[in-house]
Amino acid sequence: MAFSLPGLGLSTAPQSLSTPLPSFAAAESVTRTQRLDERTEWRFEVAFGRQYTIKLTQGTAELWGTELAVGQTCNFNGYKGAVFTWHGCTLEITGDAESEYVAQETEHATEWLNVHGMLETLRAEAEDAGAQGEGPRVLVVGPDAVGKSSLLRSLAAWGVRVGRSPTVLNLDPREGLLSPAGCITAVTLSSQSDTESGFGITPVSGPTAASVRTPLIYSWPYASPTEHPAAFKSLLTHVALHVTGKLEATLAAKHSGLLIDSPGSLNDPKSSYDLLAHIISEFSITHLITIGSERMYNDLNRRFGQTRGDDKAIPVLRLTKPGGAVERDATFMKLLRAQEMRQYFFGPPYTPLNPHSHSITFSELSIYRARTPSDEADDAAYQPGMDYEPDGSSLSSGSLFEKVEPSTAMTASLMAIKFCSGSGVEESEIRDSAVMGWLYVADVDEMKKRVRFLAPHPQRWGDRALVWGGFPEAVGDLVT
Ligand SMILES: Nc1ncnc2c1ncn2[C@@H]1O[C@H](COP(=O)(O)OP(=O)(O)OP(=O)(O)O)[C@@H](O)[C@H]1O
């Protein structure tokens with residue numbers, strides 16, 4: 001429901017949008033012209049709070065596979081990326097970047113296009129096989145900041161450009177896909193993705209965007225799957241069932257296949273290869289792509305590259321890390337998540353939204369706190385049944401969630417509204433239930449026993465389970 005919310009009070013920009021975070025000096029507004037030769041790219045890094053625009057004035061260019069329209073201005077704020085051209089172009093640039101330059105070493109683009117060509121061949125074969133045909137299912141793995149997400153966006157965008165409907169699954173909770181961070185998202189694409197934000201945040205700007213993207217979103221309020229590997233595996237089994245069902249539902253999606261992005265934390269052989277094996281088997285992965293890790297390429301090739309018993313060999317491809325792929329430090333990622341959260345409730349600057357305020361009594365709420373690994377240490381002092389609800393619906397020690405009373409500690413954080421009921425519910429149901437939308441906790445009044453939430457929708461959510469976790473981190477200045 002909360003993900004198809006076009007037209008919610010689009011008239012006025014909320015006040016917090018006029019106070020960007022952090023405050024920097026006013027952006028430089030000198031416009032300059034940049035000519036790019038064929039197969040080169042314009043790399044740039046823009047800090048948060050800065051305004052930086054790029055307009056294609058001549059030729060052709062793309063941002064992660066999505067073509068830029070001539071004359072259309074793209075705005076960037078808190079962004080690191082590159083505009084690439086196959087045939088040469090002219091750009092008009094305004095604003096101040098931390099770094100900007102023309103890069104000639106763009107061999108990765110040809111490699112990526114070759115991968116797209118291979119996927120297209122497999123999709124065409126699947127199409128020829130009719131109802132039985134299944135498109136490629138690709139898992140991209142590698143350490144942090146090697147260009148995994150950029151590759152995946154490009155493959156998805158090129159797929160859409162040739163008329164396919166690829167399904168994209170993001171398993172990295174540190175960055176949201178059509179949602180704030182702290183979740184995993186599956187979405188079938190069938191039109192161009194939003195240029196400025198990649199796949200962008202919640203589709204809010206009009207009927208076309210909302211109707212083609214119906215994401216399935218599952219909350220994962222931790223920075224990495226490795227924080228609760230067993231729970232993550234169970235959740236993935238459930239997600240795989242739904243994603244496979246989605247692929248089966250339309251032939252175009254089935255033939256177009258699946259593209260899965262994974263977090264860099266799965267690059268650790270000791271703690272994570274078991275999780276990788278689980279992803280590979282649950283989603284029936286047909287191709288593995290490794291970037292930026294020879295060790296991982298060799299490990300995966302040894303383990304999955306050969307036929308073993310009933311398990312067919314899975315081709316493992318190795319790609320080089322693009323020169324432009326850069327680290328985004330903890331501060332940058334934190335600001336990025338705050339920006340995602342702000343955009344979910346207030347919309348992007350070009351289509352501002354007006355969120356709704358809900359004041360709700362404690363007794364009407366069913367809030368489940370996602371326990372963290374450090375809670376395990378406190379379990380010796382934790383008495384099962386101690387702070388349970390009279391209906392006995394709370395969860396035992398060592399479990400993933402515990403039912404909690406609202407408290408001021410929740411102020412400024414995000415809560416997921418689950419589709420499942422908030423009472424008499426099994427822990428696995430809360431875990432596996434998709435996210436209906438997100439709430440921002442604006443204020444908790446412990447005296448009056450009321451919580452004020454910000455929500456994108458005027459309707460209340462009834463007796464649904466709300467999940468509160470430590471991730472993404474609280475954002476204090478969302479409402480003033
Ligand atoms: N060719 C390039 N030129 C400029 N910037 C790039 C290029 N490729 C990637 N980047 C940027 O580098 C950063 C890291 O890239 P990306 O997110 O694709 O890597 P990743 O492997 O998915 O990282 P993580 O696992 O940390 O999310 C991003 O900000 C991305 O936009």
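Alanine 145 lies in the loop between β10 (137–141) and α2. In this predicted model, alanine 145 has a positive phi of about 55 degrees, although the residue is not a glycine. A further backbone feature concerns proline 472. The peptide bond that joins phenylalanine 471 to proline 472 is cis. Its omega is about 0 degrees. Proline 472 is placed in the segment after β23 (464–468).

The ligand has 20 residues around it. Ala82, Lys148, Ser149, Ser150 and Gly324 come nearest. Two or more residues of this shell are given by each of β7 (79–85) and α2 (148–161). By class, the shell divides into seven nonpolar, seven polar and six charged residues.

Helix α2 also packs against another helix, α1 (residues 107–128). The angle between α1 and α2 is about 45 degrees, and their axes are 10 Å apart. Angles under 35 degrees count as roughly parallel and those from 65 to 115 as roughly perpendicular; α1 and α2 are therefore oblique to each other. The crossing of the two helices is right-handed. On the α1 side, the contact involves Trp112, Val115, His116 and Leu119. These residues meet Leu151, Ser154, Leu155 and Trp158 in α2. Six residues of the contact of α1 with α2 are nonpolar, two are polar and none is charged.

A second helix pair is formed by α4 (residues 229–249) and α6 (residues 269–282). Here the packing angle is about 10 degrees, with the axes 10 Å apart. With the cut-off for roughly parallel set at under 35 degrees, this angle makes α4 roughly parallel to α6. Helix α4 contributes Pro229, Phe232, Lys233, Leu236, Thr237 and Ala240 to the contact. Helix α6 contributes Leu275, His278, Ile279 and Glu282. The contact of α4 with α6 comprises six nonpolar, two polar and two charged residues.

One annotated span was also examined. An unreviewed UniProt entry places the feature "domain: Clp1 N-terminal" at residues 36–126. In the model, the span is 22% helix and 47% strand. The C-alpha atoms at the ends of residues 36–126 lie 38 Å apart.

Key: Residues are numbered from 1 along each chain as its sequence is written. This is a predicted model: local features need pLDDT of at least 70, side-chain atom pairs count only at pLDDT 80 or more; totals for chains, interfaces and linings use all residues. A residue is near a molecule or strand if its C-beta atom, placed from the backbone, lies within 6 Å of it. Helices (H or I, at least four residues) and strands (E, at least two) are DSSP runs, numbered from the N terminus. Ala, Val, Leu, Ile, Met, Phe, Trp, Tyr, Cys and Pro count as nonpolar, Asp, Glu, Lys and Arg as charged, and the others, Gly among them, as polar. UniProt positions are given in the numbering used here, feature names are shortened, and annotations may be inferred rather than shown by experiment. Axes are lines fitted to C-alpha atoms, for helices over the stretch in contact, and angles run from 0 to 180 degrees between N-to-C directions. Angles under 35 degrees count as roughly parallel, over 145 as roughly antiparallel, 65 to 115 as roughly perpendicular and the rest as oblique. A crossing is left-handed if the near helix is turned anticlockwise from the far one by less than a right angle, and right-handed if clockwise. Two residues are in contact if their C-beta atoms, placed from the backbone, lie within 7 Å.
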